[in-house]
Amino acid sequence: MSLHTSLQPIFDTVLRRNPGESEFHQAAHEVLHSLGAVVDKHPEYLHLAAVERLCEPERQIIFRVPWIDDNGVVQINRAYRVEFNSALGPYKGGLRFHPTVSSGIIKFLGFEQTFKNALTGMPIGGGKGGSDFDPKGKSNLEIMRFCQSLMTELYRHIGEYTDVPAGDIGVGEREIGYMFGQFRRITNRYEAGVLTGKSLTYGGSMVRTEATGYGLVFFVREMLAVRGIDLGGKSVVVSGSGNVAIHAAEKAQALGATVIGMSDSSGYIEDREGIDIPLMKEVKLAEGLRISAYADRRPSARFVENGNVWDIATDIALPCATQNELDEDSARTLVANGVTAVAEGANMPCTPAAVRIFSEAGVLFGPGKAANAGGVATSALEMQQNASRDSWDFAFTERKLDEIMSGIHERCAAAAEQYGTPGDYVAGANIAGFVRVAEAMKAQGVV
């Protein structure tokens, strides 16, 4: 897809300065492709180099993390923190522990996070971090030593008014706890707002575990409502079977839909009676087994080894696994099978070709920077509670999350309408997020 003539040189610079970082290139191109009408209407954004500045992180931190395994052997990992943009507030974004973590992956995630956080309407900037450390197969003591070593360097760069990390893939309450304990020990401060995703025992927020999955379904409900469609009675397929996927399935069924398929890296299961959520939580979250174990215990389910979950005919598709998991062929299959709506629970799980196919077919499409913003929105709610030394109950926090997701939908829809692409949530999310950050940058000068 070609870019506006004034934006192509900016993208060329992104390619030159970030060689080999294909995920970041993809994310930047998608945003820039949406901004042609914006810079035509507001040339001051070009004069102030707001677009260039948004494509260049304010700060990139790379450091080694030495730690000792249970056999007494010294191990070395690499860690990153990309503090992308702080025009709206302290940098906010998760930490990912996974062997695939690299500078390009973290940069892409931080770039997306900047727009996602802006869409929430809350005062948070964008950032992301992580390490190529793999927590799978590691003992609790090994994970603790790694987290403590990582925080021994990271503590210099974070703070409740500076940068507030959270969890992501491979980082849950356990890892956040180990890092918070080390931060507290080093700094001699009980700065509860420095990390989110904490346990409820020391400042965590209700609904944080469920937030991304629940928020995804709230966004889908709003998209469907625009076309006068009720989520109740619809079939849903969810890729993945981790935290986001399971809680998306849980909320979809609570609102009257039937989730008929889920997956993991070994294949997928189909359950026409609807996924048994407690059983799925037991298999995947409590026991950490392959998804085939669900089918072994559920007579109505069948397991397809190495199968593609998008082969299941469904009304609504929710990709919740990883980037670029839903490709052109899968998109064509979904469209041929009559899919009505697709919304991204993961970060950029649909390839550009897949998104184009959905658009051409008139399928409702919710991009990740809007549809999966529930997690960071609830992290911001956790920051609010920490700042006020307060604690909210589950129902109140879920209502706040619902309001935020409805607001995100409204901002995306309004921006798409205003700039001549009604119903295009990709353009609407990119434009609404960009304009909010760019206006803050304009107000604060060239910094």
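**Reading helix packing and cores**

Me: Is the crossing of H9 and H17 left-handed or right-handed?

Reply: The crossing of H9 and H17 is right-handed (the near helix is turned clockwise from the far one by less than a right angle; anticlockwise would be left-handed). This is a predicted model, in which local features need pLDDT of at least 70 and side-chain atom pairs count only at pLDDT 80 or more, while totals for chains, interfaces and linings use all residues. Residues are numbered from 1 along each chain as its sequence is written, and side-chain values use heavy atoms, without hydrogens and water.

Me: At what angle do H9 and H17 pack?

Reply: Two packed helices are described by the angle between their axes and the distance between the axes. Helix H9 (residues 211-226) and helix H17 (residues 394-418) pack at about 45°, with their axes 9 Å apart. H9 is therefore oblique to H17 (neither under 35 degrees, over 145, nor 65 to 115). Among the residues that meet (heavy atoms within 4.5 Å) are Tyr 214, Phe 218 and Arg 221 of H9, and Leu 401, Met 405 and Ile 408 of H17. The contact of H9 with H17 comprises 10 nonpolar, 3 polar and 4 charged residues.

Me: How do H16 and H17 pack?

Reply: The axes of helix H16 (residues 374-387) and H17 lie 10 Å apart, at an angle of about 130°. These two helices are therefore oblique to each other, and their crossing is right-handed. H16 contributes Gly 374, Ala 377, Thr 378 and Leu 381 to the contact, and H17 contributes Thr 397, Lys 400, Leu 401, Ile 404 and Met 405. By class, 5 are nonpolar, 3 polar and 1 charged.

Me: Which residues of the largest nonpolar core touch the most other members?

Reply: In soluble globular proteins, nonpolar side chains tend to be buried together. A nonpolar core is a set of buried Ala, Val, Leu, Ile, Met, Phe, Trp, Tyr and Cys residues joined through side-chain atoms within 4.5 Å. Here the largest core has 101 residues, and Phe 111, Met 262, Leu 318, Ile 408 and Phe 434 touch the most other members. Its largest share, 10 residues, comes from helix H18 (residues 425-444). A second, separate core of 23 residues includes Phe 146, Leu 154, Met 179 and Leu 195.

Me: Is Cys 320 buried or exposed?

Reply: Cys 320 is buried, with a relative accessible area of 10% (buried means under 20%, exposed over 50%, partly exposed in between, with a 1.4 Å probe and protein chains only). Cys 320 sits in the loop between strand S10 (316-319) and helix H13 (328-336). Cys 320 and Val 244 are 76 residues apart in sequence, yet 6.5 Å apart in space, C-alpha to C-alpha.

Definitions and conventions
Axes fitted to C-alpha atoms, helices over the stretch in contact; angles between N-to-C directions. Helix = DSSP H or I, 4+ residues; strand = E, 2+ residues; numbered from the N terminus. Nonpolar A, V, L, I, M, F, W, Y, C, P; charged D, E, K, R; others polar.
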